[in-house]
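Colleague: I'd like to learn how to read helices, loops and odd backbone angles in a model. Could you walk me through a case?

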Amino acid sequence: MKIWIVNHYAVPPTASGGTRHYTLARELIARGHQVIIMASSVSYLEQKQAIASSEKVKQETVDQVPFLWIHTPTYVGNSVGRIRNMLTFATRLYFAGPLKQLEKPDIIIGSSPHPFAALSAERLARRFKVPFVLEVRDIWPQTIVEAGNVSPNHPFIKAMEKIEVFLYRQAQSIISLLPYAANHVSSKGVSGDKVKCIPNGIDISRVAEPTRPADDETFTVMYAGAHGKLNGLDTVLDAGLLLQENPQAQHIKIRLIGDGPEKNRLQQRVAQEEIRNVFLEDAVPKNQVHGILQQAQAFLMILQDTAVFQHGLSPNKLFDYMAAARPVIYSVKSTTNPIQEMQAGLTIPPENAGALAEAILQLARTPADERWQMGLRGRRYVEENHDFSRLAERLEQILLDVVNRGSQSDGAQ
């Protein structure tokens, strides 16, 4: 198959961010398929350009995976500039001249979170008369509304809702990272039978065997991921203040690694409130993350308390944590909880600084052997359920089924 994947935010492992489609593409290419990823030139986390300002489109191959970079403007936070960035990507993708030089695809995947990129993917599939598959990574615009950024009655939200439902109807198949996304799709009047779950995962072949944590005097708790509003990192700072006042917690250090629209504000809080045990550090490229994770004794999987996670979640960082074989403090209100299922850490309510501080203390007091066993149970779970080689096989079968159905339909006409 010749497969086009449209994902505004796709990056290779040399950048910070999600490498889901890079890894899936590499696996599909190894199976004999031709794949190209179409993405924005601007790295979401780092706001760095992948191509020169004079170039509107550039094709580049990274470790045998072709990317087509679409030049878009940089922006700051969740501003009007971000909306401009979204619309620029969607528009330039649809009208990109170099697309005419590519071989006609057999199928096009359009990935969310925002619906404009997926809408351009659907329009391209219509232009080339090939099947369109929608991938739902986050449910937009519901996620924006529940994050409290904008009213559900805002005209922009209403427009996105119309596009969302249109894409559900037009897609020959819907892939979602969320295990219960079919319920949401059904609530929009579209059959939930269209929805197939392919969660996030990890490329186990590129992750070294975990090493047992060093028996240091300092107990390091780490968070590695986006610094956005829904990530709930104010709770971590509040817990840091509580631990700072506790004589028994002076050996505890919390490292927050990453970037995002909330990072500057969080840094200001740390400075103004003199939080001495919380350290905000720069984002690192994906291919360096696992080495950094080995420096921790425990990890934080934390999100705000919001109903949007009722459909489940599949965060990259959680599987990176579990692959590193360290216990995880899971502070998420969600219908899925592999940490509790595998006894691979502790589960606490979200947005509860007291519970978070106590959980960190509890793990710090837990014998090292017991923490290591927690981590190994998490590692085993990821190997069995979230290895990208298995997920790519599942994706391949879904795409083949869609293409074959399209061929049979054409033959019957």
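Modeller: Let's go through some helices, then some loop residues. Keep in mind that this is a predicted model.

Colleague: Let me start with helix length. What should helix H2 (residues 80-94) span?

Modeller: The idea is to count 1.5 Å a residue and compare with the ends of the helix. H2 has 15 residues, so it should span 21 Å, and its end C-alpha atoms are 22 Å apart, which agrees.

Colleague: OK. Which residues of H2 are buried?

Modeller: Buried means under 20% relative accessible area. In H2 that picks out Arg82, Asn85, Met86, Thr88, Phe89, Ala90 and Leu93. They pack against three strands, E1 (2-6), E2 (34-40) and E4 (65-70), and against helix H3 (115-128).

Colleague: How do H2 and H3 sit relative to each other, roughly parallel or roughly antiparallel?

Modeller: You look at the angle between the axes, where under 35 degrees counts as roughly parallel. Here the axes cross at roughly 10 degrees and come within 8 Å. That makes H2 roughly parallel to H3. On the H2 side the contact involves Met86, Leu87, Phe89, Ala90, Thr91, Leu93 and Tyr94. Facing them in H3 are Phe116, Ala117, Ser120, Arg123, Leu124 and Arg127.

Colleague: Now, why would buried residues line one face of a helix?

Modeller: The general idea is periodicity: an α-helix has 3.6 residues a turn, so residues three or four places apart point the same way. Now take helix H8 (residues 263-272), where Lys263, Leu266, Arg269 and Val270 are buried. Down the axis of H8, these buried residues fall within an arc of 120 degrees, so they line one face of the helix. Asn264, Ala271 and Gln272 are exposed on the other side of H8.

Colleague: And what covers the buried residues of H8?

Modeller: The cover includes helix H7 (233-244) and strand E11 (278-281). Have a look just after H8 too: Glu274 takes a positive phi of about 55 degrees there.

Colleague: Which residues are buried in helix H9 (residues 286-293)?

Modeller: Lys286, Val289, His290 and Leu293. Try the same view down the axis of H9: the buried residues fall within an arc of 90 degrees, so they line one face of this helix. Among the elements covering them are strand E9 (219-224), strand E12 (298-302) and helix H10.

Colleague: At what angle do H9 and H10 pack?

Modeller: H10 covers residues 316-323, and the two helices pack at about 45 degrees, with axes 9 Å apart. H9 and H10 are therefore oblique to each other, and their crossing is right-handed. Lys286, His290 and Leu293 of H9 make the contact with Asn316, Asp320 and Tyr321 of H10.

Colleague: Let's move to loops. Is His71 buried or exposed?

Modeller: Don't judge by the loop label; check the accessible area and the contacts. His71 lies in the loop between E4 and H2, yet it is buried, with a relative accessible area of 13%. Setting aside neighbours within four places in sequence, its contacts are Ser41, Gln49, Ile51, Ala52, Ser53, Glu55, Lys56, Thr88 and Arg92.

Colleague: And Gln248, buried or exposed?

Modeller: Gln248 is exposed, at 53% relative accessible area. It lies in the loop between H7 and strand E10 (252-257). Leaving aside neighbours within four places in sequence, Gln248 is in contact with Leu361 and Arg365.

Colleague: What does Thr19 touch?

Modeller: Not counting residues up to four places away in sequence, Thr19 touches Val11, Pro12, Pro13 and Lys286. Thr19 is in the loop between E1 and helix H1 (20-30), and at 8% relative accessibility it counts as buried. You've met Lys286 already, as one of the buried residues of H9.

Colleague: Last topic, positive phi. Where is Asp63 found?

Modeller: Here you check the residue type, then the surroundings. Asp63 has a positive phi of about 50 degrees although it is not a glycine. It is found in the loop between strand E3 (57-62) and E4, and it is partly exposed, with a relative accessible area of 37%. Ala325, also not a glycine, has a positive phi of about 60 degrees. Ala325 lies in the loop between H10 and strand E13 (328-331), and at 0% relative accessibility it counts as buried.

Technical notes:
Residues are numbered from 1 along each chain as its sequence is written. This is a predicted model: local features need pLDDT of at least 70, side-chain atom pairs count only at pLDDT 80 or more; totals for chains, interfaces and linings use all residues. Side-chain values use heavy atoms; hydrogens and water are left out. Helices (H or I, at least four residues) and strands (E, at least two) are DSSP runs, numbered from the N terminus. The expected span of a helix is 1.5 Å times one less than its number of residues. Buried means under 20% relative accessible area, exposed over 50%, partly exposed in between (1.4 Å probe, protein chains only). Contact means heavy atoms within 4.5 Å. The arc is that of the directions from the helix axis to the C-beta atoms. Axes are lines fitted to C-alpha atoms, for helices over the stretch in contact, and angles run from 0 to 180 degrees between N-to-C directions. Angles under 35 degrees count as roughly parallel, over 145 as roughly antiparallel, 65 to 115 as roughly perpendicular and the rest as oblique. A crossing is left-handed if the near helix is turned anticlockwise from the far one by less than a right angle, and right-handed if clockwise.
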